[in-house]
Amino acid sequence: MSSLAVAIQHRARSARTQSPRIAVTAVFVAHGLLFASWTAHIPHIMRHLGLTDGTLGIALLGAPVGSVTAMLLASYLIPKLGSRRVVQVALVGYCATGPLVGLTGSLTALFGALFIWGAFQGTLDVAMNTQAIVAERASRRLLMSGLHGSWSIGSFAGAGIGALAVGAGLGLTPQLLVLGTVALLGAGLLTSRMLPDAIRRPDPDEQPKTGTLAASRWSGGMILLGAIAFADMLCEGASANWAAVYLSGPLHATGAVPGLGYAAFALAMVTVRLSGNRLLGRFRPARLLPVLAAVATAGFAAGLAIGRSGAAIAGFVFLGIGLASVIPTVFSAAGRIPGLHAGKAVATVAACGWAGFVCGPPLIGHLATLASLPVALGLLPFLTAFVAVGTLASRALRDAPQGPVPPARSDATP
């Protein structure tokens, strides 16, 4: 074969792997953009509806109920329909139902709107992470950390847009209508380029290395991955929902400053995740993740202890640094378990993580009612310490590859 033919073949293969990667990246960005853009509006909604920390926590409980319920359904739908189709349906629902949150006029209505929005959030989260694993296998490269970095870019942009919108007096509903339309015109049209799923079957040569993990969604290794995801994403949910309230309440920050807490957290996650593929290619997850989680523990605890706006924002930076690579690495490890469909594995771990993400805010709210918000946020360093210990102990993370991702060898799901 001539060198020209080889070059043409290489370019064609590169184009086939790049298009799905671009599509799934766009969906990750859209997911983060829409969610984070509402966080700066939480204090306004809280005042508008006359909610206390405790009743706000009750309202925020609508999202975990919706998302976890939807994830359980997604774990059955994705193996049957494929992650590509589920992404397309969930993205439309996610963009369409977000504006309902800003139209609510009571605690009950806010709970219901968050339930619906959370259901589409959770479904999209599972489906897009499953598609990310498919793209990793097709390109035979570590992609997950970079894709979650794209989510963080969208999250950072959304937090900034939300803060600017609040400063300009723009309501949540028109903001989400505009952003939802942009997401559908961008990411929605690209989803046609996504790949069909595949179930990776066990390789006899791999059994000595990975045979310790049973092909069960409730094996010991999967339970530990789920617990790590739960603790990690509880911290993320608390940051998203309470950072602005903490800065504007106990620390008396005004103007755009309260919105900077979560924006700083998201920016830190962007920075670490975009370099995560290189870091994970150099250091094994079981070595890298515990060190980063220890940084989060010390940095956030110090920010709470100082009790000033600048220190609190710095604490959220350290929290973002420490947690940035945990979820992408845990999802990728779950999706590599032989004999278990990646969609079912990701749905199981994601359900645990998403439960933490959206159960954390109401838990923080109730603890704040019993004590104070700074004391309630003191739960987070204990959780990051657990993440440090759990990632150090996880055999699935110790076995995670540093080189190319093994391709799937099985039948594709259309």
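I began by fixing one term for myself: a residue is called buried when its relative accessible area is under 20%. I also noted that what I have open is a predicted model, so every entry below describes that prediction.

**Entry 1, Thr-384.** I looked up Thr-384 and found it in helix H18, which covers residues 379-393. Its relative accessibility is 0%, and because the cut-off for buried is under 20%, Thr-384 counts as buried. I then asked which residues Thr-384 is in contact with, leaving aside its neighbours within four places in sequence. They are Cys-235, Ala-293, Ala-296, Thr-297, Leu-319 and Leu-323.

**Entry 2, Glu-236.** Next I turned to Glu-236, which lies in helix H10, residues 220-248. Is Glu-236 buried or exposed? With a relative accessible area of 5%, Glu-236 is buried, because that value falls under the 20% limit. Not counting residues up to four places away in sequence, Glu-236 touches Tyr-262, Phe-265, Met-269, Arg-273, Leu-323, Ile-327 and Phe-357. I marked Leu-323 in my notes, since that residue is listed for Glu-236 and is also listed for Thr-384.

**Entry 3, aromatic pairs.** I then went through the rings, where two of them pair if their centres lie within 6.5 Å, and by this rule the count comes to four aromatic pairs. For Trp-38 and Trp-117 the ring centres are 6.3 Å apart and the planes stand at 85°, so this pair is edge-to-face, as planes over 60 degrees apart are counted that way. The pair links distant parts of the chain, with Trp-38 in the loop between helix H1 (3-36) and helix H2 (42-48) and Trp-117 in helix H6 (residues 107-139), 79 residues apart. Both Trp-38 and Trp-117 are buried.

The rings of Phe-300 and Phe-316 have centres 5.2 Å apart and planes at 65°, so I wrote this pair down as edge-to-face too. Here Phe-300 belongs to helix H13 (residues 285-306) and Phe-316 to helix H14 (residues 309-323), 16 residues apart, and the pair is again one that links distant parts of the chain. Both Phe-300 and Phe-316 are buried.

Which residues do ring pairs link into a cluster? They are Trp-38, Tyr-94 and Trp-117.

**Entry 4, helix H7.** Last, I checked helix H7 (residues 144-168), which has 25 residues and reaches 36 Å from its first C-alpha to its last, close to the 36 Å expected at 1.5 Å a residue. Just after H7, I found that Gly-169 takes a positive phi of about 80°.

Methods:
Residues numbered from 1 in each chain as written. Predicted model: local features only at pLDDT ≥ 70, side-chain atom pairs only at ≥ 80, totals over all residues. Heavy atoms only, no water. Phe/Tyr/Trp six-rings, centres within 6.5 Å; stacked < 30°, edge-to-face > 60°. Buried < 20%, exposed > 50% of the residue type's maximum accessible area, 1.4 Å probe, protein only. Contact = heavy atoms within 4.5 Å. Expected span 1.5 Å × (residues − 1).
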